[in-house]
Amino acid sequence: MMRAYYPSFLLSFPRPLHQVLKTTTTLPPHRPIVASYHTARTLYHNHTHTHHPPTLRNMSIPSTQTAAVVPSIGSAIEIRTSHPVKQPKDLAPGECLVKISHTGVCHTDLHAKQGDWPVKPMNPLIGGHEGVGEIVAIGENTASSPVKLGDRVGIKWLADSCLDCEFCRRGLEMNCPNCKLSGYTTDGTFSQYVVSFVHHVTPIPKGLDSAGAASILCAGVTTYKALKVSNTKAGNYVAIPGAGGGLGHLAVQYAVNMGLKVIAIDTGDAKRKLVEGLGASAWIDFKQTKDLVGDIKKASEGLGPHAAIVAAASGAAYTQAVQYLREGGTLVCVGMVDKSMEVTSFWAVYKSIRIQGSYVGNRQDAIEALDIAADGRVKVHFELKKLKDLKDVYEDLEAGKITGRVVLEV
Ligand SMILES: [Zn+2]
Ligand SMILES: [Zn+2]
């Protein structure tokens, strides 16, 4: 999986002053909050006499924890055992504290560690944005929280957004100018406790185990959303370059679930076996074929697929997609290439090709992607490791040695 995110929407942090002022001035008056909060808390936890917000089963939150910290841009991560934990009394309204049990590792985490995008991540930084855990505390004065103490929730790349701007209203929460990104502009999930946000954590369905849910939160949501915007319907053909990779193998499964016929493109016997087992209707080995475009067309009634989901960070994958797509087809861009995308405008125009960018997913996309996984119709193929192994995982990522996903036990 060779994906990177386009950085332009990162340009707007930290939070502008008007946003801070807005948050402050929309809080209810001081006196009624205190009264209603104490009433509520007394009903809920009437055996406590402290002025601290409720925590799960009154559990005590440790003051320190184990966390994988990137001390400065480009430096090696350090596994620290005495990293501070934000205490429940210090949580702002809308914040929650999540005790992480599992977290996936994404290629984006490597970019965050290396700081090799034009907009730099915060430092020191805790990476990670595929976290699953339990809510153990919620900030005082949090109004209308959709989640409660003890809920098992997921933390995604999009950690928080304002919910009030045009983009949030239109379901483009990831494009919110005031969004927070897990493991990039706010600390992520490579630690035992993470501060997250009640309106953006995603409830994990009961039937789905935490290790299996982790990578749905980024890789799964991203590919599911890409298919949703691919302008296809049941019975259509979709080409998936990189089908045997971390994103690709999930894209194949979501596509099959949508009734699409999948043309899987990748290389090697292991990946062929994997994607054929997932229900792909055709397999094309890009290293073996002498005519990739011709073979893809042959596998789709001679006309080419109705859509291509390009998750690979490869200029050639984009160029070829315009060549093999059916007239009126949709090219969905997910993988980011370092230089410009090489698309011949002549053919894009002449074939009425639609070019559609797709960037992670919103809260609803995440819920839908998890529901499909909970029904057993999509499974992440992952290797389970420990948080302390993260250094080695990064090295393997850099060397391109990882097939499928790695999920860490925290
Ligand atoms: Zn990711
Ligand atoms: Zn917004």
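# Helix pairs, a parallel sheet and a shared core

Helices α6 and α12 are roughly perpendicular to each other. In this description, angles of 65 to 115 degrees count as roughly perpendicular, under 35 as roughly parallel, over 145 as roughly antiparallel, and the rest as oblique. The model is predicted: local features need pLDDT of at least 70 and side-chain atom pairs count only at pLDDT 80 or more, while totals for chains, interfaces and linings use all residues. Residues are numbered from 1 along each chain as its sequence is written, and chains are lettered from A and ligands numbered from 1 in the order in which they are written.

**Two crossing helix pairs**

Helices (H or I, at least four residues) and strands (E, at least two) are DSSP runs, numbered from the N terminus. Helix α6 covers residues 219-228 and helix α12 covers residues 363-374. They pack at about 105°, with their axes 9 Å apart. Axes are lines fitted to C-alpha atoms, for helices over the stretch in contact; angles run from 0 to 180 degrees between N-to-C directions.

Which residues of α6 and α12 meet? From α6 come Gly220, Val221, Tyr224, Lys225 and Lys228. From α12 come Asp365, Ala366, Glu368, Ala369 and Ala373. By class there are 5 nonpolar, 1 polar and 4 charged residues. Here Ala, Val, Leu, Ile, Met, Phe, Trp, Tyr, Cys and Pro count as nonpolar, Asp, Glu, Lys and Arg as charged, and the others, Gly among them, as polar. Two residues are in contact if their C-beta atoms, placed from the backbone, lie within 7 Å.

Helices α3 and α13 are also roughly perpendicular. Their angle is about 100°, and their axes are 10 Å apart. His107, Leu110 and Lys113 of α3 make the contact with Tyr394, Leu397 and Glu398 of α13. This contact has 3 nonpolar, 1 polar and 2 charged residues.

Helix α3 spans residues 107-114, and its buried residues are His107, Thr108, Asp109, Ala112 and Lys113. They pack against β3 (95-105) and α13 (390-398). A residue is buried if 20 or more other C-beta atoms lie within 10 Å of its own, exposed if 12 or fewer, and partly exposed in between. After α3 comes Gly115, with a positive phi near 60°.

Val393 sits in α13. Is Val393 buried or exposed? Val393 is buried, because 22 other C-beta atoms lie within 10 Å. Beyond four places in sequence, Val393 touches Val105, Lys385 and Val406. The C-alpha atoms of Val393 and Val406 are 7.8 Å apart, though the two residues are 13 places apart along the chain.

**The sheet and the core**

Two strands pair if DSSP finds at least two bridges between them. An open sheet of 6 strands runs in the order β12-β11-β10-β13-β14-β15, with parallel pairing. Strands β12 (282-285) and β15 (354-357) are at the edges, each with a single partner, so one side of each has no neighbour in the sheet. On average, neighbouring strands are turned by 20° against each other, direction ignored. Strands β14 and β15 pair over 4 bridges. One of the partners is Gln356 in β15, opposite Val332. Helix α8 (269-277) packs on the sheet and touches β11 (261-266) and β12; its direction makes about 165° with that of β12.

Helix α10 covers residues 315-324. Its buried residues are Ala317, Tyr318, Gln320, Ala321, Val322 and Tyr324. Their cover includes β10 (237-241), α9 (292-298), β13 (307-310), β14 (330-333) and α11 (345-350).

A nonpolar core is a set of buried Ala, Val, Leu, Ile, Met, Phe, Trp, Tyr and Cys residues joined through C-beta atoms within 7 Å. The largest one has 105 residues. Ile240, Ala251, Val252, Ile309, Val310 and Ala321 touch the most other members. Beyond four places in sequence, the contacts of Val310 include Ala317, Tyr318, Ala321 and Leu331.

**Antiparallel strands and unusual backbone**

Strands β4 (131-138) and β5 (152-155) run antiparallel, joined by 4 bridges. Val132 has Gly154 in β5 as its bridge partner. Strand β5 also pairs antiparallel with β9 (202-203), over 2 bridges.

Most residues other than glycine have a negative phi, and most peptide bonds are trans. Asn123 and Pro124 are joined by a cis bond, with omega about -5°. Pro124 lies in the loop between α3 and β4. Two residues with positive phi follow.

| Residue | Phi | Loop | C-beta neighbours inside 10 Å |
|---|---|---|---|
| Ser144 | about 45° | between β4 and β5 | 7, exposed |
| Glu301 | near 60° | between α9 and β13 | 11, exposed |
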